[in-house]
Amino acid sequence: MRVTGQIKQSRRGTIITTAENSVWVLEPTEGVQLPSRGAVVVEGFKIGFDRLEVIWASEAPPELTARTR
């Protein structure tokens, strides 16, 4: 699945909040570097109620950034 939103750190770890206010805890796979903040796009697999195993991550392109604020 692909998710776009704002990434930030929380007590649960790195999370992403989407424009629809869904919150996912991100679990990156080996070798995946998560951006530290801002608008991002991540791809991965749902591995729990609110957890994504991230296989790819990138800063969101400008055309998607406006939708994630």
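Strands are taken here as DSSP runs of E covering at least two residues and numbered from the N terminus, and two of them are said to pair if DSSP finds at least two bridges between them. The model is a predicted one, in which local features need pLDDT of at least 70 and side-chain atom pairs count only at pLDDT 80 or more, whereas totals for chains, interfaces and linings use all residues. Residues are numbered from 1 along each chain as its sequence is written, and side-chain values rest on heavy atoms, with hydrogens and water left out.

On these terms, five strands close into a barrel in the order β1-β2-β3-β5-β4, with mixed pairing. Neighbouring strands of this sheet are turned against each other by 55° on average, direction ignored, the axes being lines fitted to C-alpha atoms, with angles that run from 0 to 180 degrees between N-to-C directions.

The mixed character of the pairing can be followed strand by strand. Strand β1 (residues 2-10) pairs with strand β4 (residues 38-46) in the antiparallel sense over six bridges, and within this pair G5 stands opposite V40 of β4. Strand β4 also pairs with β5 in the antiparallel sense, over seven bridges, where K46 stands opposite L52 of β5; these two strands form a hairpin with four residues between them. By contrast, strand β3 (residues 23-28) and strand β5 (residues 51-59) run parallel and are joined by four bridges, with V54 in β5 as the bridge partner of P28.

The largest nonpolar core, defined as a set of buried Ala, Val, Leu, Ile, Met, Phe, Trp, Tyr and Cys residues joined through side-chain atoms within 4.5 Å, consists of eleven residues, namely V3, I7, I16, W24, L26, V32, V40, V42, L52, V54 and A57. Two or more residues are given to this core by each of β1, β3, β4 and β5, and β5 contributes the most, with three.

Within this core, I16 belongs to strand β2 (residues 13-17) and counts as buried because its relative accessibility is 0%, the limits being under 20% relative accessible area for buried, over 50% for exposed and partly exposed in between, with a 1.4 Å probe and protein chains only. Leaving aside neighbours within four places in sequence, I16 is in contact (heavy atoms within 4.5 Å) with residues including V3, I7, W24, L26, V40 and V42. The C-alpha atoms of I16 and V41, which lie 25 residues apart along the chain, are separated by 9.2 Å. For W24, with the same neighbours set aside, the contacts include M1, V3, I16, F49 and L52.
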